[in-house]
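Student: Could you show me how to read the inside of a protein model, starting with the walls of a cavity and moving on to what fills the space?

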Amino acid sequence: MTRPPPPGPAGNFYAQLKELRSDFLAYLLNAATEHGDLVRLNPGPGTYLYLVNHPDLVRQILVTDAEKYHKSAMTQKMVGRFLGNGLIVNEDQSHKKQRRLAQPAFHKQRVDGYAHSMVELTLQEMASWRPDTPFDFEASMNVLTMKIVAKTLFGTGVAGGTEKVGRIMQVFAEAISGQFRALPLPQWLPIPRHLRQRAAVAEMDALIKEMVAEWRTAGTDNGDLMSMLLLARDMDSNDGMNDKQLRDELVSIYFAGHETVAKLISWVIYLLTQNPAVTQQVQTELNAVIGNRPPTTADLPQMPKLDQVIKETLRIYPSAWVFDRTPLVDVELAGYHVPAGATIYVSPYVSQRDPRIFDQPDRFLPERFATGWEQNIPRYAYYPFGGGPRVCIGQAFAEMEAKLILATILSKFSVELATQEPIEPEPGATLRPKNGLPVSIKSVL
Ligand code: HEM
């Protein structure tokens with residue numbers, strides 16, 4: 001006898017697709033609230049998506065049974081077209097090997113070495129802001145985090161400059177975000193969007209080829225991530241990476257490493273503009289720890305309030321708001337049968353608003369993260385950086401970068417929202433403020 005499928009929203013696929021298109025986040029959140037730990041969604045003809053909504057299921061998929069799952073075919077196809085077989089979509093033994101090779105580039109000691117550049121570049125970006133003159137903070141953070149990843153990844157030499165890479169990354173991000181808005185058209189169709197995407201991939205390939213060739217000629221460790229990846233040797237085979245794999249890792253890290261942080265910082269600033277009492281606490285802390293000088297890594301452990309604010313922001317607006325998996329074999333989740341090849345959504349956005357775990361889930365309450373609390377909620381109730389063998393390799397990098405940038409900005413400026421329009425989250429490759437984040441600044445000195 002066939003078992004009944006997991007519960008899900010009523011209505012045929014057309015009604016569900018309409019709801020999804022009008023507000024994807026609300027569609028997922030409502031489905032989880034109404035239907036429990038495992039929900040089956042039907043957003044297209046014959047298309048089923050499974051949404052997990054319990055910490056134990058998240059752990060089962062990401063950690064305990066991780067080897068039974070791959071990224072979904074859609075992600076492999078959409079993301080792989082731009083990022084090749086880099087860490088984000090690589091699988092099995094090849095993923096393990098690449099992860100081992102890349103890991104040293106992300107060790108704390110190495111990452112700490114990037115702090116100075118992060119602060120310097122933030123100060124340069126801030127020099128372009130004018131007090132009481134509104135500007136788009138999100139756009140400014142995109143430029144800044146792009147420059148930081150370019151500098152720390154490639155050292156001084158991004159041939160053609162960060163503007164060019166910025167344009168290329170924009171095309172990649174738009175294409176990857178597209179999968180959350182419309183069914184993709186076949187790639188061979190020579191429509192302008194596809195032609196633009198192909199040109200962007202070719203441009204990126206040429207750029208990286210040139211940089212890698214230059215590096216191989218010089219052959220020295222410049223202290224950047226690219227040097228680490230080029231010097232990396234596998235413990236067992238003593239093999240390094242070939243040029244194609246190196247290209248894929250560099251583009252993947254570049255892609256994963258800037259927008260996520262830009263959105264995090266933008267959401268922190270937005271939430272602070274809405275919560276003056278918290279802003280005051282952060283500014284008092286910064287005043288006591290760094291006063292008017294730029295922050296260093298040694299200051300960071302003395303900024304618990306800033307740490308709580310960042311954690312709570314990642315709870316409410318996690319940059320990586322959803323990721324997916326597909327089981328390689330039929331599996332059982334929450335007592336239901338899920339067939340091999342199904343697409344499963346794991347969503348920090350949905351999980352981290354679960355009222356069974358988070359009191360007043362919609363409210364920004366950084367004090368939740370006061371010492372000890374996080375250890376008392378179920379593991380994988382809160383997982384903005386994922387978990388298991390695919391946990392974000394850049395977590396320490398991202399946390400340090402966000403703290404240094406925010407400390408540099410907030411010790412010098414107070415920030416106000418410069419629009420009456422509501423700021424709403426838009427889900428794409430990352431979770432971004434839908435129409436940017438218009439702000440104006442004032443010096444706090
Ligand atoms: C606030 C910032 C960030 C957030 C919220 C974030 C979140 C995540 C999450 C949730 C995953 C796991 C996805 C999955 O399991 O399918 C991931 C993977 C990854 N992240 Fe991050 N990330 C951030 C910043 C960064 C930075 C700064 C870098 C690099 C400099 C980076 C590089 C990567 C890479 C390469 C992977 C793939 C790892 C693998 O599959 O082995 N991320 N990130």
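Tutor: Gladly, and keep in mind that this is a predicted model. A good start is to ask which elements build the walls. Here helix H4 (73-83), H5, H12, E5 and H17 each contribute two or more residues to the lining of the largest cavity.

Student: Which element has the largest share of that lining?

Tutor: That is H12, which provides nine residues of the lining of the largest cavity.

Student: How much space lies in the largest cavity, and which residues are closest to its centre?

Tutor: The space comes to about 1,200 Å³. The lining has 47 residues, and Lys71, Ile88, Ala256, Thr260 and Ala320 are the closest to the centre. By residue class, the lining of the largest cavity holds 29 nonpolar, 12 polar and six charged residues.

Student: How many cavities of 30 Å³ or more does the structure hold?

Tutor: There are two cavities of 30 Å³ or more. The second largest has about 40 Å³ of space. Its lining includes Asn53, His54, Pro55 and Val58, along with Ser351, Asp354, Ile357, Tyr380 and Ala381. Those residues of the second largest cavity divide into five nonpolar, three polar and one charged.

Student: Back to the largest cavity: what takes up its space?

Tutor: The ligand does; the space it takes is the largest cavity. When you meet a ligand, look next at the shell of residues around it. In this model there are 25 residues around the ligand, and His95, Arg99, Arg325, Arg390 and Cys392 come nearest.

Student: Which elements supply at least two residues of the shell around the ligand?

Tutor: Helix H5 (92-102), helix H12 (243-274), strand E5 (323-327) and helix H17 (395-410) each do. H12 gives the most to the shell, with six residues. The shell around the ligand is made up of 15 nonpolar, six polar and four charged residues.

Student: Which side chains have an N or O atom at 3.0 Å, 2.8 Å or 2.7 Å from an oxygen atom of the ligand?

Tutor: Take them one by one. For Lys71, a side-chain N or O atom is 3.0 Å from a ligand oxygen. For Arg99, the distance from a side-chain N or O atom to an oxygen of the ligand is 2.8 Å. For Arg325, that distance is 2.7 Å.

Student: And the metal: what donor does the iron atom of the ligand have from the protein?

Tutor: With a metal, list the protein donors and then place them in the fold. The iron atom has a single donor from the protein, the SG atom of Cys392, at 2.3 Å. Cys392 lies in the loop between helix H16 (373-376) and H17.

Conventions:
Residues numbered from 1 in each chain as written. Predicted model: local features only at pLDDT ≥ 70, side-chain atom pairs only at ≥ 80, totals over all residues. Heavy atoms only, no water. Near = heavy atom within 4 Å. Polar contact = N/O pair within 3.5 Å; in protein donor to acceptor, adjacent residues only side chain to side chain. 1 Å grid on protein atoms, 1.4 Å probe; cavity = no way out; pocket = protein on both sides within 12 Å on 5 of 7 lines; lining within 4 Å. Sits in = over half its atoms within 2 Å of the grid points. Helix = DSSP H or I, 4+ residues; strand = E, 2+ residues; numbered from the N terminus. Nonpolar A, V, L, I, M, F, W, Y, C, P; charged D, E, K, R; others polar. Donors = N, O, S within 2.8 Å, 3.2 Å for Na, K, Ca; no water. Points joined across faces, edges and corners; volume = space filled by probe spheres on them.
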